[in-house]
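Please open the model in a viewer and keep the selection tool at hand. The tour below proceeds from one selection to the next and states what is found at each stop.

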Amino acid sequence: MRFSSQRQSFTRRSLLRAAGLAPALLTACDDGADPSPDARGLTDAGADAQTDCLPTVPNTEGPFYLAGAPNRSVLITPETPGTRLEITGRVLEDTACAPLNFATLEVWQANAEGQYDAQGFRLRGQLNTGKDGRFEIATIVPGRYRNGANFRPAHIHVKVSAFGHQTLTTQLYFEGDPFNGTDSFIHPSLVMRLEAGAAGVLRSRFDFVLALASNLE
């Protein structure tokens, strides 16, 4: 995936500082390591090595969801302000981590100033997973906004659905955000790590795990 951006020389630390986040690596279960119950972001090797997956933790939908977002995986234009971000991953089911092809992801988020588009579909979209349940999203690091006495940390909303599985509504957060520790909604398993990519683009990865519909109580 390519962004229209003037190529510059960046250090990893300066990129993450510009995004307001601490230097970090991708959230992942290391191949050969025993994942904790909160570990949901898997590397390719880690996901393939698993014989069982725990469903991704749900998170509140919030008041800004709008149905009917356009089909697209690129949520930005070259003119969109903000630090560019790529999120990749897969959608898996909670039996042997089998990939779910044609799962649907609905994504929505605030802009760089912490504001949602309540009238249209800026920074909103929906997309389907491809081969091996893979997806890729091009967006920006969202801004923070006040929630009562505190600020909500930067986060991206995602709703994931697939035939025969429970629909998942959750949020993705960023490691190192100064407001992670005061947020009442955040869950450790939903915090992503970041890597500095080419041309000033930050990269992260998260694998979603859906529970079978038959597991509904």
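Which residue of β8 is the bridge partner of Val158? Select Val158 and display the backbone: the partner in β8 is Thr170. Please bear in mind throughout that this is a predicted model.

**The strand β8 and its neighbours**

Extend the selection to the whole of strand β7, residues 155–161, together with β8. The two strands run antiparallel and are joined by six bridges. Between them, the hairpin has six residues, and within this hairpin Gly164 adopts a positive phi near 80°.

Now select β8 alone, residues 168–174. Is this strand enclosed or open to the surroundings? Seven of its seven residues are buried, so β8 is largely enclosed by the rest of the structure. In a regular strand, side chains alternate between the two faces of the sheet. Colour Leu168, Thr170, Leu172 and Phe174 for one side of β8, and Thr169, Gln171 and Tyr173 for the other. Both faces are covered, and every one of these residues is buried.

Next, add β9, residues 191–192. β8 and β9 run parallel and are joined by two bridges. Select Phe174 to find Met192 of β9 standing opposite.

**The loop after β8**

Move to Thr182, which is placed in the loop between β8 and β9. Thr182 has a relative accessible area of 46%. Since buried means under 20% and exposed means over 50%, Thr182 is therefore partly exposed. Apart from neighbours within four places in sequence, Thr182 is in contact with Asn150 and Phe151. Draw a distance between the C-alpha atoms of Thr182 and Asn150: the separation is 7.3 Å, although the two residues are 32 residues apart along the chain.

**Aromatic pairs**

Select the aromatic side chains next. How many aromatic pairs does a search of the whole structure find? The search finds seven. A pair of aromatic rings is described by the distance of the centres and the angle of the planes.

Begin with Phe64 and Tyr145. Their ring centres are 6.2 Å apart and their planes stand at 85°, so the pair is edge-to-face. Phe64 belongs to the loop between α2 (44–49) and β1 (84–93), whereas Tyr145 belongs to strand β5 (residues 145–147), so the pair ties together parts that are 81 residues apart in sequence. The two residues can also be viewed by accessibility: Phe64 counts as partly exposed at 30%, while Tyr145 counts as buried at 16%.

Proceed to Phe135 and Phe208. The centres of these rings lie 5.8 Å apart and the planes are at 40°, so this pair is tilted. Phe135 is found in strand β4 (residues 134–140) and Phe208 in strand β12 (residues 208–210), so the pair ties together parts that are 73 residues apart in sequence. Both Phe135 and Phe208 are buried.

Return to Phe64 and add Tyr116 to the selection with Tyr145: ring pairs link Phe64, Tyr116 and Tyr145 into a cluster. Then select Tyr65 and Lys159. The charged end of Lys159 sits over the ring of Tyr65, 4.8 Å from the ring centre.

**The disulfide**

Select Cys53 and Cys97. A disulfide joins these two residues, with an S to S distance of 1.5 Å, and the count of disulfides comes to one. The link of Cys53 and Cys97 is right-handed, with 70° about the S-S bond. Where do the two ends lie? Cys53 is in the loop between α2 and β1, and Cys97 is in the loop between β1 and β2 (104–109). The pair thus links distant parts of the chain, 44 residues apart. Cys53 counts as buried at 6% relative accessibility, and Cys97 counts as buried at 5%.

**The whole chain**

Finally, clear the selection and display the full chain as a cartoon. It has two helices and 12 strands; along the sequence, the two helices are followed by the strands. Of the 217 residues, 46% count as buried. Among contacts between residues at least 6 apart in sequence, 71% join residues at least 24 apart. With the surface displayed, the accessible area comes to about 10,700 Å², of which 50% belongs to carbon and sulfur atoms.

Definitions and conventions. Residues are numbered from 1 along each chain as its sequence is written. Side-chain values use heavy atoms; hydrogens and water are left out. Helices (H or I, at least four residues) and strands (E, at least two) are DSSP runs, numbered from the N terminus. Buried means under 20% relative accessible area, exposed over 50%, partly exposed in between (1.4 Å probe, protein chains only). Contact means heavy atoms within 4.5 Å. Accessible areas come from the Shrake-Rupley method with a 1.4 Å probe; for residues, only the protein chains shown count as cover. Rings of Phe, Tyr and Trp (its six-membered ring) pair if their centres lie within 6.5 Å; planes under 30 degrees apart count as stacked, over 60 as edge-to-face and the rest as tilted. A charge sits over a ring if NZ of Lys or CZ of Arg is within 6 Å of the ring centre and within 35 degrees of the ring normal. Two strands pair if DSSP finds at least two bridges between them. A disulfide is a pair of cysteine sulfur atoms within 2.5 Å.
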